[in-house]
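Reader: I should be grateful for a close look at a single part of this model, with attention to backbone geometry and to which side chains are buried. Please give one connected account.

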Amino acid sequence: SIDDVRTINSVGHVWTTGDRLYKLADKYYNDPKLWWIIAWYNSKPTEGHIAIGDLIQVPLPLERVYSLLRM
């Protein structure tokens with residue numbers, strides 16, 4: 001639910017040239033395969049939906065995100 005999503009903390013990242021969702025996932029989650037969590041959280045299904053200068057939120061902690069996705 002929207003209320004559940006509001007309980008997740010996030011770190012902001014300004015999208016720049018060369019950024020990729022898998023790179024952010026690797027940096028924050030140590031697993032590039034979790035790129036889809038960042039995409040889901042930002043309602044940006046692909047990198048083509050993100051423009052240079054957009055503020056992307058990386059949801060943290062990962063354990064909290066997982067617990068909400070399992071509900």
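**Backbone and burial around helix α4**

Author: Ser43 is exposed, its relative accessible area being 63%. The model in which this residue appears is predicted. Ser43 belongs to the loop between α3 and β2, and its phi is positive, near 55°, although the residue is not a glycine.

From that loop the chain leads into β2, which covers residues 55–60, and Pro61 then sits in the loop between β2 and α4. The peptide bond joining Leu60 to Pro61 is cis, with omega near -10°.

Helix α4 itself comprises residues 62–69, and within the helix Leu62, Val65 and Leu68 are buried. These three residues lie on the same side of α4, because they cover an arc of only 125° around the axis. The general background is that an α-helix has 3.6 residues a turn, so residues three or four places apart point the same way. For the term used here, buried means under 20% relative accessible area, whereas exposed means over 50%.

By that cut-off Asn30 also counts as exposed, at 66% relative accessibility. Asn30 is located in the loop between α2, residues 21–29, and α3, residues 35–41. Its phi is positive as well, about 60°, and Asn30 is not a glycine.

To return to the part requested, the cis peptide bond runs from Leu60 to Pro61, Pro61 lies in the loop leading to α4, and Leu62, Val65 and Leu68 are the buried residues named in that helix.

How values were computed
Residues numbered from 1 in each chain as written. Predicted model: local features only at pLDDT ≥ 70, side-chain atom pairs only at ≥ 80, totals over all residues. Heavy atoms only, no water. Buried < 20%, exposed > 50% of the residue type's maximum accessible area, 1.4 Å probe, protein only. Helix = DSSP H or I, 4+ residues; strand = E, 2+ residues; numbered from the N terminus. Arc of directions from axis to C-beta.
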